[in-house]
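Biologist: Could you take me closely through the charged pairs that hold separate parts of this chain to one another, and then follow the surroundings outward from there? Please say for each residue how much of it is open to solvent, and keep to what the coordinates support.

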Amino acid sequence: MESTVNLNLINLLILLKKNKTMRMVAKILGKSESAVSKDLSKLRKDFNDVLFIKTQNGYEPSHYLNQIFPELEAAYLQLTRVVNKPLEFDPDHYDELITIAIADAEYDLLLDALYPKLVKYFPQAKFNFVSWNSSCLHQILDGKIQCGIHLWNEHVSQDIYQKTIKTDQIVAAMHRDYGVTDWQTLKDMPFVFIDVPGWNEFNYRFEQILPAEHRGEVQYKIRVDKMKSALRVATHSQIAVQFPTRYLSEEFTVIAYPNDVKFNIAYTFYCAQTERSSPLIKLIHQLIKECYQVI
């Protein structure tokens, strides 16, 4: 006999041997008697044996099924236990290194909120918090980094799992001391552009959301790769900036983009698709979500 038996149907054999009627088996499985009969026909073909004979006392197992039944039932029950057994994970005794990559703009805020939680749940572990760089996605896939926080990126490989944690908007702004309140004035101002590793190395995303006739209107005077630096420059110089709203103080005037378009972003949890269901990753994900409820 070739090994083509559908393991999902083995339970039918066990139930029919014990209950002897199609009606009872159908009720237990939540199927119609016709469906159960078709499943039995499939098993008969797979086993190359009649398996059950219909008698006055109900369905009785064939000689062949009686011979293999003890091992068949034991194997099925063992497989069921393995499949249904919860993964054992004890964060109290987890003593390996946990590495988390964090986008530069989020680094200090998230670290301050997350570290106390991690220490509470993983008292024996060591932690490594790295600033997100161009190699982080590869390191997540290689297992060198367990997970990370960055902006949602639709260009990332499907081997990477992304889950939005918090949404925000990037807006154009200028310090209120300079009295700029409209796009026509703002677009002629010098801008500080921010290079965000792992998100906009190849193009500035704001150009994608602007109406076609307004693309190319904004020019940079200075480029930086740290949002804090951009904010300091915009605070002390007559220069415009594009920034997430959560980082802008009342010292800045927000200027609407042309046609009132919106530049939506999402702070996102990253991990390898193959690890998304691991107890370690699920717990870290939950702790990070809790952090974003307060930061």
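Modeller: I would begin with E106 and R246, whose side chains meet in a salt bridge with an N to O distance of 2.7 Å. E106 belongs to helix α5 while R246 sits in the loop between β9 (240–244) and β10, so this pair ties together parts that are 140 residues apart in sequence. The model is a predicted one, and the distances and areas that follow should be read in that light. The two partners can be described separately in terms of exposure: E106 is buried, with a relative accessible area of 1%, whereas R246 is partly exposed, at 23%. Since the limit for a buried residue is under 20% relative accessible area, the value of 23% places R246 in the partly exposed class.

Helix α5 contributes to a second pair, in which the side chains of D108 and K228 meet in a salt bridge at 2.1 Å, N to O. Here D108 lies in helix α5 and K228 in helix α9 (residues 227–236), so the link joins parts that are 120 residues apart in sequence. D108 is partly exposed, with a relative accessible area of 36%, and K228 also counts as partly exposed, at 49% relative accessibility. A search of the whole structure finds 11 salt bridges, and one of them is formed by K31 and D39, with the closest N and O atoms 2.6 Å apart. In that pair K31 is partly exposed at 37% relative accessibility, while D39, at 16%, counts as buried.

From the charged pairs on α5 one can move to the packing around that helix, which spans residues 104–121 and is among the elements that the buried residues of α10 pack against. The others are β3, β5 (147–151), β6 (160–175) and β11 (264–272). The residues of α10 that are buried are L280, I281, L283, I284, H285, L287, I288, C291 and Y292. An α-helix has 3.6 residues a turn, so residues three or four places apart point the same way. As for the geometry of α10 itself, its 14 residues (279–292) should span 20 Å at 1.5 Å a residue, and the end C-alpha atoms are indeed 20 Å apart, which agrees.

Strand β6, one of the elements packed against by α10, contains Q169, which is partly exposed with a relative accessible area of 27%. When residues up to four places away in sequence are left aside, Q169 touches F243, P244, T245, K262, F263, N264 and I265. The C-alpha atoms of Q169 and A266 are separated by 8.2 Å, although these residues are 97 apart along the chain. In the loop between β10 (252–255) and β11 there is D260, which has a positive phi of about 60° although it is not a glycine; D260 is partly exposed, with a relative accessible area of 46%.

A second non-glycine residue with a positive phi is L51, at about 70°, in the loop between α3 (33–47) and β1 (52–55). L51 is buried, with a relative accessible area of 0%. The UniProt record, an unreviewed entry, places the feature "domain: HTH lysR-type" at residues 5–62. Over that stretch the chain is 57% helix and 14% strand, with the end C-alpha atoms 17 Å apart.

Finally, for the outer surface, L7 lies in the segment before α1 (10–19) and is exposed, with a relative accessible area of 51%. Together with L79 and V83, L7 makes a nonpolar surface patch of about 290 Å². In the loop between α4 (63–84) and β3 (97–102) is P86, which counts as exposed at 61% relative accessibility. The C-alpha atoms of P86 and P70, 16 residues apart along the chain, are separated by 26 Å.

Methods:
Residues are numbered from 1 along each chain as its sequence is written. This is a predicted model: local features need pLDDT of at least 70, side-chain atom pairs count only at pLDDT 80 or more; totals for chains, interfaces and linings use all residues. Side-chain values use heavy atoms; hydrogens and water are left out. UniProt positions are given in the numbering used here, feature names are shortened, and annotations may be inferred rather than shown by experiment. Helices (H or I, at least four residues) and strands (E, at least two) are DSSP runs, numbered from the N terminus. Patches are made of residues with over 30% relative accessible area and no salt bridge: like charges are joined within 9 Å, nonpolar side chains (Val, Leu, Ile, Met, Phe, Trp, Tyr) within 5 Å. Accessible areas come from the Shrake-Rupley method with a 1.4 Å probe; for residues, only the protein chains shown count as cover. A salt bridge is a side-chain nitrogen of Lys or Arg within 4 Å of a carboxyl oxygen of Asp or Glu. Buried means under 20% relative accessible area, exposed over 50%, partly exposed in between (1.4 Å probe, protein chains only). The expected span of a helix is 1.5 Å times one less than its number of residues. Contact means heavy atoms within 4.5 Å.
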